[in-house]
Amino acid sequence: MSVSKPNQTAEFRGTLRPITIAELDEVWKLDLRCFVDGEAYERETFRYLLTSPNTIARQIRSTDNQMVAFVVAVIEIDGVGHITAIGVAPEHRRRGLARLLLREMERSLRSRGISTIRLEVRVENEAAILLYEQLGFAVVQRLSRYYSNGSDGYMMVKPL
Ligand SMILES: CC(C)(COP(=O)(O)OP(=O)(O)OC[C@H]1O[C@@H](n2cnc3c(N)ncnc32)[C@H](O)[C@@H]1OP(=O)(O)O)[C@@H](O)C(=O)NCCC(=O)NCCS
């Protein structure tokens, strides 16, 4: 896999693959680096997610075998694919890794018969909102005090 952008000389080289339970500590630590606002998952939440048959989890690893980006989705009982977490290591941002992971997740969900994808995002998280809008997600609802620090969230949805 390689990712390149016009006007940018740095090209990211690495691999995109599922996250296994053996990689629990790595994904938990990367999540802690990405979510510095108190919204990071507990280690046990990742354990639960990575062992559930309804979870799809993908990562990007650099050529020196570091986990640099991850995404987790849960297939909910209503049949919607719910993106519950996505993060890219700070030093690897703006190289298209989140976009790549989300496109891969969309393919995986579609192959499991899922036709709608949903996520929540903090209203102040402009980077993530722009990313999701670029990929065709639209805000369908404002969620009052959705986050533990009292921030509002947006629910965003995309038909697959
Ligand atoms: C949000 C996040 C996942 C984006 O990851 P990324 O790999 O840097 O994103 P990409 O490089 O794939 O960006 C794709 C598009 O999203 C938008 N975008 C991403 N980061 C942006 C930023 N900081 N400012 C403005 N737009 C941004 C741009 O439209 C970008 O396209 P462009 O670079 O061609 O202009 C990353 O910033 C992150 O891990 N943040 C902390 C965790 C988090 O907030 N997760 C989302 C919770 S809902």
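Tutor: A nonpolar core is a set of buried (under 20% relative accessible area with a 1.4 Å probe, protein chains only) Ala, Val, Leu, Ile, Met, Phe, Trp, Tyr and Cys residues joined through side-chain atoms within 4.5 Å. This is a predicted model, so local features need pLDDT of at least 70 and side-chain atom pairs 80 or more, while totals for chains, interfaces and linings use all residues. Residues are numbered from 1 along each chain as its sequence is written, and side-chain values use heavy atoms, leaving out hydrogens and water.

Student: Okay, which residues touch the most other members of the largest nonpolar core?

Tutor: Look for Ile83, Leu102 and Tyr132; that core has 28 residues. Two or more residues come from each of β3 (55-62), β4 (67-75), β5, α3, β6 and α4. The largest share, six residues, belongs to α3. These labels are DSSP runs numbered from the N terminus: helices are H or I with at least four residues, strands are E with at least two.

Student: What makes up the other core?

Tutor: It lies apart from the 28-residue one and has 15 residues, including Ile19, Leu24, Leu49 and Met67.

Student: Back to isoleucine 83: what is in contact with it, beyond its neighbours within four places in sequence?

Tutor: Contact means heavy atoms within 4.5 Å. By that rule, isoleucine 83 touches Val71, Val72, Ala73, Leu102, Met105, Ile117, Arg118 and Leu119.

Student: Why does asparagine 65 count as partly exposed?

Tutor: Partly exposed is the range between buried and exposed, and exposed starts over 50%. Asparagine 65 has 48% relative accessibility, so partly exposed is the right label. You'll find asparagine 65 in the loop between β3 and β4.

Student: And arginine 94, why is that one called exposed?

Tutor: Arginine 94 comes in at 69% relative accessibility, so it counts as exposed. It sits in the loop between β5 and α3.

Student: What is the sign of phi in asparagine 65, and in arginine 94?

Tutor: Positive for asparagine 65, where phi is near 70°. Arginine 94 has a positive phi too, near 60°. Neither asparagine 65 nor arginine 94 is glycine. Most residues other than glycine have a negative phi.

Student: Last one: which residues lie nearest the centre of the largest pocket?

Tutor: Ile86, Asn125, Ala128, Leu131 and Tyr132, out of 38 lining residues. A pocket is an open set of points on a 1 Å grid over the protein atoms alone where a 1.4 Å probe fits, with protein on both sides within 12 Å along at least five of seven lines; lining residues have an atom within 4 Å of a point. The largest share of this lining, seven residues, comes from β5.
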